Amino acid sequence: MVTDLDNILPTRCSPEFLSELVKILRSPTVVFNQQGMIRHLSPSWSGLLSVPASTFSQLFDQRDRADASALVSRLTGIDSVTNFECRLPNGRWALVTVQKLDCDDRAPLWLGTTADIHESKSLHRDLTTHNQIQQMLLNVSSDCIKLLDPHGHVQYANAAGCRILNIDPAGGFGQEWIKLLPRDVWSQAEAALEQALSGETARFVGPSHDEKGLIEVWDSLLTPKCEPDGRVSSILCISRDVTESYRVSEELRRSQKRLAIASRAGKLGIWELDLASGSLYCDPTWYEVMGRSPSKPAHRISDFLALIHPEDAAQKRDISQIAHELAPKGEDYAREFRIIRDDGKVAWIRAVASVISDLRGNPLRAIGYSVDITREKAAP
């Protein structure tokens with residue numbers, strides 16, 4: 001590629017010298033005047049032009065001739081080398097270098113040389129497209145995605161991250177990440193950042209308060225990017241809003257607590273049967289209601305059915321079979337039967353259960369309770 005001919009051009013170029021010069025240069029070369037009219041053209045242009053060209057702009061693809069013409073109009077202000085990118089008639093990208101010449105007749109001429117940059121231009125275009133696609137995918141996400149430098153400053157954030165952290169995407173990067181968070185999670189964020197800087201993936205769940213005083217909960221994962229020498233060059237931090245699942249979990253925890261209190265107060269023995277595996281779980285109150293020692297845990301439905309009085313054998317039908325029958329109807333299981341406790345005493349039990357199915361209606365679990373109704377049965 002020829003970009004600067006100062007070291008080989010004579011002080012003043014004769015027409016004969018310029019004619020010989022363009023013949024020996026391998027890259028497409030042109031000498032043109034201030035009006036853009038071609039004076040000399042190298043032979044390498046012959047394989048590129050389908051029709052003869054008389055002006056500088058005609059040497060290039062139709063899409064770039066306006067840029068070439070604009071360059072010609074600025075020639076009087078060009079005293080040194082200038083470059084511009086354009087497409088040749090064959091569609092390949094080229095870097096055109098234009099340099100002013102001093103000639104014997106004192107009429108200024110310009111030398112234009114070209115270098116093929118099609119491969120690098122295509123690679124740059126592909127990388128740009130790839131980056132744009134990545135940017136679109138990141139901005140579609142509702143997660144707060146940030147890239148932190150080793151000092152904990154925000155180098156990049158997606159659209160959601162900019163909105164959540166109140167960062168100006170046009171020039172607000174460089175701020176300290178921790179200082180952008182609510183103060184009540186600073187200690188957790190600092191510990192996670194320190195762990196990530198040591199080369200380990202870190203995670204923390206931080207409940208905080210928004211500007212309205214409502215609780216928000218964010219689950220943040222910090223993944224370090226390590227260089228071959230082990231040095232952490234950046235940290236990818238992805239934060240997900242888990243406020244709703246946190247509230248559901250808290251409500252479930254409170255419901256379970258209320259249920260446990262009601263179970264103890266009302267002497268309800270809670271049990272749960274996995275219909276696929278047949279495994280059974282019974283809470284402590286169930287063992288009390290059934291008069292069975294917790295040292296003899298009931299792990300299978302057969303352990304449950306073995307307690308039923310022989311005279312109530314008709315009630316021993318496998319609940320898993322009943323569950324498959326009741327699930328499509330949305331009905332609950334309810335049975336009353338006698339049991340024989342570990343101490344040999346007989347008691348009446350009412351068992352009630354509901355079947356939980358998947359989205360396709362297949363029964364998954366039966367959850368219910370057992371309650372002692374002996375006194376109720378003995379009442380006149």
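**Two five-stranded sheets and their surroundings**

Phe 84 has Val 96 in E4 as its bridge partner. That pair is a handy way into this predicted model, and into the contact between E3 and strand E4 (residues 93-101), where 6 bridges join the two strands in the antiparallel sense. E3 and E4 sit at one end of an open sheet of 5 strands, ordered E2-E1-E5-E4-E3 with antiparallel pairing. Its edges are strand E2 (38-41) and strand E3 (82-87), each of which pairs on one side only. On average, neighbouring strands in this sheet are turned by 25 degrees against each other, direction ignored.

Before going further into that sheet, a few overall numbers help. The chain is built from 10 helices and 15 strands. It has 380 residues, of which 39% count as buried. Of the contacts between residues at least 6 apart in sequence, 39% bring together residues at least 24 apart. The accessible surface adds up to about 22,200 Å², with 53% of that belonging to carbon and sulfur atoms.

Back in the E2-E1-E5-E4-E3 sheet, E1 deserves a closer look. How many of the residues of E1 are buried? The count is 5 of the 5, so E1 is largely enclosed by the rest of the structure. Thr 29, Val 31 and Asn 33 point one way from the strand, while Val 30 and Phe 32 point the other way, and all are buried. On one flank, E1 pairs with strand E5 (residues 109-116), antiparallel and over 5 bridges; here Asn 33 stands opposite Leu 109. E1 is also joined to E2 by 3 bridges, again antiparallel, and in that pairing Val 30 has Leu 41 of E2 as its bridge partner. E1 and E2 make a hairpin with 4 residues between the strands, and Gly 36 takes a positive phi there, near 90 degrees.

Helix H2 (residues 65-73) packs its buried side against parts of the sheet just described: strand E1 (29-33), E3 and E4 are among the elements that cover its buried residues. Those buried residues are Ala 68, Leu 71 and Val 72. Viewed down the axis of H2, they fall within an arc of 100 degrees, so they line one face of the helix. An α-helix has 3.6 residues a turn, so residues three or four places apart point the same way. The face of H2 turned away from the buried side carries Ala 66 and Ser 73, which are exposed.

Further along the chain comes another hairpin, formed by E6 and E7 with 5 residues between them. Strand E6 (residues 144-148) and strand E7 (residues 154-157) run antiparallel and are joined by 3 bridges, with Lys 146 placed opposite Ala 157 in E7. In the turn, Gly 152 has a positive phi of about 80 degrees.

Cysteines make for a short story here: the disulfide count comes to 0. For Cys 144, the nearest cysteine sulfur is that of Cys 237, 7.0 Å away, and Cys 144 is in no disulfide. Is Cys 144 buried or exposed? Cys 144 counts as buried because its relative accessibility is 3%, under the 20% cut-off. Cys 282 counts as buried too, at 7% relative accessibility.

The other open sheet of 5 strands has the order E12-E11-E15-E14-E13, with antiparallel pairing. Strand E12 (280-282) and strand E13 (333-340) are its edge strands, each pairing on one side only. From one strand to the next, the twist averages 25 degrees. At the E13 end, 8 bridges join E13 to strand E14 (residues 346-357), and the two strands run antiparallel. One of the pairs is that of Ala 334 with its bridge partner in E14, Val 352.

A histidine ties a loop to this part of the chain. His 309 is found in the loop between helix H8 (301-305) and helix H9 (319-326). What does His 309 touch, leaving aside its neighbours within four places in sequence? Its contacts are Arg 338, Ile 339, Ile 340 and Val 346. His 309 counts as buried because its relative accessibility is 13%, which again is under 20%.

Notes:
Residues are numbered from 1 along each chain as its sequence is written. This is a predicted model: local features need pLDDT of at least 70, side-chain atom pairs count only at pLDDT 80 or more; totals for chains, interfaces and linings use all residues. Side-chain values use heavy atoms; hydrogens and water are left out. Two strands pair if DSSP finds at least two bridges between them. Axes are lines fitted to C-alpha atoms, for helices over the stretch in contact, and angles run from 0 to 180 degrees between N-to-C directions. A disulfide is a pair of cysteine sulfur atoms within 2.5 Å. Buried means under 20% relative accessible area, exposed over 50%, partly exposed in between (1.4 Å probe, protein chains only). Contact means heavy atoms within 4.5 Å. Accessible areas come from the Shrake-Rupley method with a 1.4 Å probe; for residues, only the protein chains shown count as cover. The arc is that of the directions from the helix axis to the C-beta atoms.
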